[in-house]
Amino acid sequence: MSDSTRASVVIEAPSAAVLDVIADFEEYPVWAEQVKRATVLEEDEGGWPLQVEFVLDAGVIKDTYVLNYDWQVDESGEGTVRWSLERSNLLKSMDGSYTVRSSPAGTDVVYELSVAVTIPVVTMLRRKAERMIIDTALRGLKQRAESL
C-alpha cells in the first residue's frame, strides 16, 4: 500500500480477543462512531467475513460502501486483515489493513489506510482525513477490546 497513512496502538488484551472485535462487524456501530451499520454480505467456510457493507455518517460525508476482506491470520489471532473497496458512491478506492501481533504489553495493532475519493482532494487534506479515520478506529478498537 504505497502512499498510505499508518498508526499503531498497544491493546491490553490477547491478540485473539482483538481479532474477534475486528471480525465482529455488526458491533462496529457500538465502537466505531461514524459507522451507523455494518452488514456481512458473504463469509468463507470458516465464518470469516469476505464482504461487508458499511453505512457511514461522518457529518458532511455520508456513504454506503462495500469492502472485500482477506484474513491472513493464525489460530492465536496474529496476522494481517486486509481490505479493498468493492463499490461506493463517494470513494474511488479504499485499501487498508490491521496487522495484529502479540507483545509483552498485550497486542500491537498497526492500522494502514489509503483512500481516494471521486472528487479532487489536496493530498494534505486526504492524509488528514485518513489520520482521523485511523485514530478514531484504533481508539475505539482499544476501548472495545479492553472492556470485554
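Where do Lys142 and Glu146 lie, and how many residues apart are they? Select both and you'll find them in helix H3 (residues 123-147), 4 residues apart, about one turn of the helix. Keep in mind as you click around that this is a predicted model.

**Stop 1: helix H3**

Stay with that pair and show the side chains. Lys142 and Glu146 form a salt bridge, with the closest N and O atoms 2.8 Å apart. Colour by accessibility if your viewer can do it: Lys142 is partly exposed at 24% relative accessible area, and Glu146 is partly exposed too, at 33%.

**Stop 2: the sheet**

Now switch to cartoon view and look for the strands. There are 7 of them in an open sheet, in the order S1-S7-S6-S5-S4-S3-S2, with antiparallel pairing. The edges are S1 and S2 (35-43), each of which pairs on one side only. From one strand to the next, the twist averages 20°.

Walk inwards from the S2 edge. S2 and S3 pair antiparallel over 7 bridges; select Arg37 and you'll see its bridge partner in S3, Val55. Next, S3 (residues 49-58) joins S4 (residues 61-73) through 8 bridges, again antiparallel. Here, pick Glu53 and look across to Val66 in S4, which stands opposite.

One more step takes you from S4 to S5 (residues 79-88), an antiparallel pairing over 9 bridges. Leu67 has Leu85 in S5 as its bridge partner. Follow the chain round and you'll see that S4 and S5 make a hairpin with 5 residues between them. Click on Gly77 in that turn: its phi is positive, about 95°.

While you're here, turn on the side chains. In a regular strand they alternate between the two faces of the sheet.

**Stop 3: two more salt bridges**

How many salt bridges are there in the count? The total is 5. You've met one in H3, so try Asp57 and Lys62, whose side chains meet at 3.0 Å, N to O. Asp57 is partly exposed at 29%, while Lys62 is exposed at 51%.

Then select Arg6 and Glu112. They form a salt bridge with the closest N and O atoms 3.1 Å apart. Arg6 sits in strand S1 and Glu112 in strand S7, so this pair ties together parts that are 106 residues apart in sequence. Is each partner buried or exposed? Arg6 is exposed, at 51% relative accessible area, but Glu112 is buried, at 13%.

**Stop 4: around Ser4**

Keep Glu112 on screen and add Ser4, which is in the segment before strand S1 (5-11). The side chains of Ser4 and Glu112 make a polar contact of 2.6 Å. Ser4 counts as buried because its relative accessibility is 15%, and the cut-off for buried is under 20%. Leaving out residues up to four places away in sequence, Ser4 touches Glu112, Leu113, Ser114, Arg127 and Glu130.

**Stop 5: the aromatic rings**

Last stop: show Phe, Tyr and Trp side chains. The structure holds 13 aromatic pairs. One of them is Tyr28 with Trp31, a tilted pair at 4.7 Å centre to centre with 55° between the planes. Both belong to helix H2 (residues 28-31) and, being 3 residues apart, they are separated by about one helical turn. Tyr28 and Trp31 are both buried.

Finally, widen the selection: ring pairs link a cluster that includes Tyr28, Trp31, Phe25, Trp48, Phe54, Tyr65 and Tyr111.

Key
Residues are numbered from 1 along each chain as its sequence is written. This is a predicted model: local features need pLDDT of at least 70, side-chain atom pairs count only at pLDDT 80 or more; totals for chains, interfaces and linings use all residues. Side-chain values use heavy atoms; hydrogens and water are left out. Two strands pair if DSSP finds at least two bridges between them. Helices (H or I, at least four residues) and strands (E, at least two) are DSSP runs, numbered from the N terminus. Buried means under 20% relative accessible area, exposed over 50%, partly exposed in between (1.4 Å probe, protein chains only). A polar contact is a pair of N or O atoms within 3.5 Å; within protein, one must be able to donate a hydrogen and the other to accept it, and residues adjacent in sequence count only if both atoms are side-chain atoms. Contact means heavy atoms within 4.5 Å. Rings of Phe, Tyr and Trp (its six-membered ring) pair if their centres lie within 6.5 Å; planes under 30 degrees apart count as stacked, over 60 as edge-to-face and the rest as tilted. Axes are lines fitted to C-alpha atoms, for helices over the stretch in contact, and angles run from 0 to 180 degrees between N-to-C directions. A salt bridge is a side-chain nitrogen of Lys or Arg within 4 Å of a carboxyl oxygen of Asp or Glu.
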